[in-house]
Amino acid sequence: METVPRITVEAPVLSIGSGPSDYEELGDYVHALRRQRGLHMTLLHLGVLDDFSEDVAEWTNGVTSAAVAARGTSAWLRELPALDGFSGSAERLITLGGGRVSGLEVNVPEHVHGYQVSLVQALHQLLDGLLVDNVDDFILSSRALGFRSPHWLPHVAVGSPKSRGGGIWEIEPLVIQFGESRIRNRQYLPGVGQ
């Protein structure tokens, strides 16, 4: 079964700690530690574009069609400003996703929080333009967006926790270097000029 790619705005992880062994030591806490290449911090999760567009069409009772929502969202994503690379730090592992995911809780500079807030504000503007009313209600109920909490918690998912009870584990402090933000699965967006 083929997985439909999810669209996110993310900051890719360039390095964790001073060398590969710093990251590998997290295997003491985590099952199936993910490969370091490909790790990222999600700044905004949009979900599967077709699902998001259908959510908009349903919410607007067809006033905005799924095709119009997909094209508008694709153009909006391409126009988002990028966030420059930055450094963060992690001092603990936390469980996320109802206890199914283990992640590094990341302390990020204040401007990164500001950028993430600007993405949510831009999402509000996009939805206004797509004629979505009660935007906050839509964001919290959209199946595609999958927002569970109004608060953004900077983290990097690294695997699944060894203990099922959830929790928090203190670790040796790690410096994490992030690259410039990007749109994950950008190549799946419809339209010209990708």
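Helices and strands are taken here as DSSP runs, at least four residues of H or I for a helix and at least two of E for a strand, numbered from the N terminus. The structure described is a predicted model. On this basis, the segment after β8 holds Asn185, a residue other than glycine whose phi is positive, near 65°.

Two further residues take positive phi values. Asn61, placed just after α2, has a phi of about 55°. Ala32 belongs to the loop between β2 and β3, and its phi is near 45°, again positive in a residue other than glycine. With 65% relative accessibility, Ala32 counts as exposed.

Helix α2 spans residues 49-59, and its buried residues are Leu49, Phe52, Ser53, Asp55, Val56 and Ala57. In an α-helix there are 3.6 residues a turn, so residues three or four places apart point the same way. The cover over the buried residues of α2 includes two strands, β1 (7-16) and β3 (40-47). Helices also contribute to this cover, among them α3 (66-79), α4 (110-129) and α5 (135-141).

Across the whole structure, 5 salt bridges are found. One of them pairs Glu10 with Arg184, with the closest N and O atoms 3.0 Å apart. Because Glu10 lies in strand β1 and Arg184 in strand β8 (residues 182-184), this pair ties together parts that are 174 residues apart in sequence. The relative accessibility of Glu10 is 0%, so Glu10 counts as buried. Arg184, at 30%, counts as partly exposed.

A salt bridge is also formed between Arg143 and Asp55, where the closest N and O atoms are 3.1 Å apart. Arg143 is located in the loop between α5 and β6 (155-161) and Asp55 in helix α2, so the pair ties together parts that are 88 residues apart in sequence. Arg143 is exposed, its relative accessible area being 61%. Asp55, one of the buried residues of α2, has a relative accessibility of 7% and therefore falls under the 20% limit for burial.

In the salt bridge between Arg92 and Glu105, the closest N and O atoms are 2.3 Å apart. Arg92 is in strand β4 (residues 86-96) and Glu105 in strand β5 (residues 101-107), and the pair links distant parts of the chain, 13 residues apart. Arg92 counts as partly exposed, at 28% relative accessibility. Glu105 is buried, since its relative accessible area of 17% is under 20%. Some salt bridges share partners, and those of Glu10, Arg182 and Arg184 join these residues into one network.

On the surface, Glu24, Glu25, Asp28 and Glu172 form a negative patch. Asp28 is placed in the loop between α1 (20-24) and β2 (30-31). The relative accessible area of Asp28 is 60%, and this residue is therefore exposed, the limit being over 50%.

Technical notes:
Residues are numbered from 1 along each chain as its sequence is written. This is a predicted model: local features need pLDDT of at least 70, side-chain atom pairs count only at pLDDT 80 or more; totals for chains, interfaces and linings use all residues. Side-chain values use heavy atoms; hydrogens and water are left out. Patches are made of residues with over 30% relative accessible area and no salt bridge: like charges are joined within 9 Å, nonpolar side chains (Val, Leu, Ile, Met, Phe, Trp, Tyr) within 5 Å. Accessible areas come from the Shrake-Rupley method with a 1.4 Å probe; for residues, only the protein chains shown count as cover. A salt bridge is a side-chain nitrogen of Lys or Arg within 4 Å of a carboxyl oxygen of Asp or Glu. Lys and Arg count as positive and Asp and Glu as negative; His and the chain ends are not counted. The place of a charge is taken as NZ of Lys, CZ of Arg, CG of Asp or CD of Glu. Buried means under 20% relative accessible area, exposed over 50%, partly exposed in between (1.4 Å probe, protein chains only). Contact means heavy atoms within 4.5 Å.
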